[in-house]
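Trainee: Could you show me how to read strands, sheets and a ligand site in a structure? I would like the general idea each time, and then the case in front of us.

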Amino acid sequence: MIPYGKQSISQSDIDAVVDVLKSDWLTQGPFVPRFENKLCEKVQANHAVAVNSATSALHLACLALGLREGDYLWTSPITFVASANCALYCGAQVDFVDIDPSTYNLSIEKLSDKLEEAEKSGKLPKIVMPVHFAGQSCEMDKLYSLAKKYDFKIIEDASHAIGGKYKDHFIGGCQYSDITVFSFHPVKIITTGEGGAALTNSDELADKMRLLRSHGVTRESSKMAGQCQGGWYYEQLALGFNYRMTDMEAALGCSQLERVDEFIKKRHEVASQYNTALQGLPLVLPYQHSDCYSSFHLYVIQLNPTATSVQRQSLFHKLREAGIGVNVHYIPVHTQPFYEKQLRLTGALCHAENYYRNAISLPIYPDMTSLETGKVVECLHREFVDD
Ligand SMILES: *Cc1c(COP(=O)(O)O)cnc(C)c1O
C-alpha cells in the first residue's frame, strides 16, 4: 500500500536518538532547550515551548491566554478534532466558522460577518484559531485586523505547516498571532514520534506555558511566592500537567529540523507532478494563494460533481483496492456525535459540508518516488475513462 503520508528517517536521525539513550539524560536534559532554540531560529520567534503533542500545546496555549468557562473559541470545522477539544478542556465553548471554498481555510468573509453578529449579541470569541490547512497559511493580515477591531486573541494551529511561509516569513514567527502550534506526529512535516511545540513572542505567555507544561511547578527562586529554602526546593504555583517532551524526542526533532526545507521541496515536487498529470480530469486541484508557500502536508483533490457522476465513496474504495492509501481530511468536526449533541451552531457550514462530500487526500511524502506518483495518477485516470 502506498500510504497517504510517511516519515522520512535518516541514519543521522537514528544516531541522534541512540546518542541520547547512551547519555545521562533521557528527559529534562540538554536536547529540549536545544530543539526549542533551533525552532526559534528557524521561524524567527522569541520563544518555543516543546511538549509531548500538538494537542498539549493547544491546551497550554488556550490556558495561557486565559480561556475559561463562559468564553468562546472559534475555529474551522475542517480540522482534526484536537483544534476544538482544547477549548472544552478549559471549560469554554467552541463555535465554527465556515471555510473558504477555494483554500479550505477558515473564511475571512464568513468570520467578519459572524463577528458583526456576535458583537450585537454580546458573544464575541476570546480566541480565534485559524488552521493552516494542508500547510497553506490563512490570510493572517486580515485576521489580525479583525482581532484588533473585535479584541480577540489568535492561536495558529500550524500542525500541518512547519516550513511553510506566509508573505515570505516562515509560519511560526507569530507576526499576526499570539501563539503558533506545530505538531511533530509522524504523518506531519517533521517528526519527534509524538510531539508538538507552542511558539510565541511574548515572555509572559511563554512563562505561563512552561510552568503549566511541568505540573505548575517552578525551581526558579525569582518566580517563587516565598523564600527558596535550599537546593531541593520547588514550588507549585498553578495546576499544571506533565506535558514534557523527552530528550530522545527532542534530539530526533533537532535532526529532523535540519531537513525541513528539503522535505518541503520534495513535497512540492510531488504536488507539481500531480498538478500536471491530473489536468483535464473532473477534479478540483489544490488552489494556492499567492501570499503563501505551502508545506504541502496534504494534497487534497475534490471530485467536481458537475463534471462527473463518480462518487467519492466509490473512488475512495477503488483507489484503496488498487493499493493506494488515500484518506479523507477531515470529517467536519461539528458533525461528530460528541459535538452534534452539545453544539448550538450560530450559522450554516455549507462550504465545509460540501467540501467533505467530495474530498480525497492523495499520498504525498518526501520519499515518494515518481513510480509511486505515477501509479496514483494512472489509477485516477483509469477511474474516469468511461466517464
Ligand atoms: C495532527 C493535528 C493535531 C494534533 O496533533 P498531535 O501532535 O497528534 O496532538 C491538531 N490539529 C491539527 C490540524 C492536526 O492535523
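Mentor: Happy to! One sheet here is open and has three strands in the order S12-S14-S15, with antiparallel pairing. Two of these strands, S12 and S15, stand at the edges with a single partner strand each, so one side of each is left without a neighbour in the sheet. Keep in mind throughout that this is a predicted model.

Trainee: What holds strands side by side in a sheet?

Mentor: In general, strands of a sheet pair through backbone hydrogen bonds, and the pairing is either parallel or antiparallel. Here, S12 (residues 283-284) pairs with S14 in the antiparallel sense over two bridges, and Val 284 has Gln 302 in S14 as its bridge partner. On the other pairing, S14 meets S15 (residues 359-362) over four bridges, again antiparallel. There, Ile 301 has Ile 360 in S15 as its bridge partner.

Trainee: Which way do the side chains of S14 point?

Mentor: Start with the general idea: in a regular strand the side chains alternate between the two faces of the sheet. In S14, Tyr 299, Ile 301 and Leu 303 point one way, while Val 300 and Gln 302 point the other way.

Trainee: And how many residues of S14 (residues 299-303) are buried?

Mentor: Five of its five residues are buried, so to speak of S14 as mostly covered is fair; buried means under 20% relative accessible area.

Trainee: Where can I practise finding edge strands?

Mentor: Try the open sheet of three strands with the order S7-S6-S13, whose pairing is antiparallel. Its edge strands are S7 (169-170) and S13 (292-293), each of which pairs on one side only. Strand S6 (residues 165-166) is joined to S13 by two bridges in the antiparallel sense, and Lys 165 has Tyr 293 in S13 as its bridge partner.

Trainee: Do S2 and S3 run parallel or antiparallel?

Mentor: They run parallel: four bridges join S2 to S3 (residues 93-96). For one position to look at, find Trp 74, which stands opposite Asp 95 in S3. Together with helix H4 (residues 82-89), S2 and S3 make a right-handed β-α-β unit. Strand S2 also runs parallel to S4 (residues 127-129), joined by three bridges, and there Leu 73 stands opposite Ile 127.

Trainee: Which side chains of S2 (residues 72-75) point one way, and which the other?

Mentor: Tyr 72 and Trp 74 point one way, Leu 73 and Thr 75 the other, and all are buried.

Trainee: Now the ligand. How many residues surround the ligand, and which are the closest?

Mentor: The ligand has 15 residues around it, and the closest are Thr 55, Asp 157, His 160, Ser 183 and Lys 188. By class, this shell has five nonpolar, eight polar and two charged residues.

Trainee: Which atoms of the ligand should I look at beside Thr 55 and Asp 157?

Mentor: Look for an oxygen atom of the ligand 2.5 Å from an N or O atom in the side chain of Thr 55. Then find a nitrogen atom of the ligand 2.8 Å from an N or O atom in the side chain of Asp 157. A polar side-chain atom of Ser 159 also lies 3.3 Å from a nitrogen atom of the ligand.

Trainee: How much of the ligand does the protein bury?

Mentor: Taken alone, the ligand exposes 380 Å², and the protein buries 92% of that. The elements giving two or more residues to the shell are helix H3 (54-64) and H4. You have already met H4 in the β-α-β unit with S2 and S3.

Definitions and conventions:
Residues are numbered from 1 along each chain as its sequence is written. This is a predicted model: local features need pLDDT of at least 70, side-chain atom pairs count only at pLDDT 80 or more; totals for chains, interfaces and linings use all residues. Side-chain values use heavy atoms; hydrogens and water are left out. Buried means under 20% relative accessible area, exposed over 50%, partly exposed in between (1.4 Å probe, protein chains only). Two strands pair if DSSP finds at least two bridges between them. A crossover is right-handed if, with the strands pointing away from the viewer, the path from the first strand over the helix to the second runs clockwise. A residue is near a molecule or strand if one of its heavy atoms lies within 4 Å of it. A polar contact is a pair of N or O atoms within 3.5 Å; within protein, one must be able to donate a hydrogen and the other to accept it, and residues adjacent in sequence count only if both atoms are side-chain atoms. Accessible areas come from the Shrake-Rupley method with a 1.4 Å probe; for residues, only the protein chains shown count as cover. Ala, Val, Leu, Ile, Met, Phe, Trp, Tyr, Cys and Pro count as nonpolar, Asp, Glu, Lys and Arg as charged, and the others, Gly among them, as polar.
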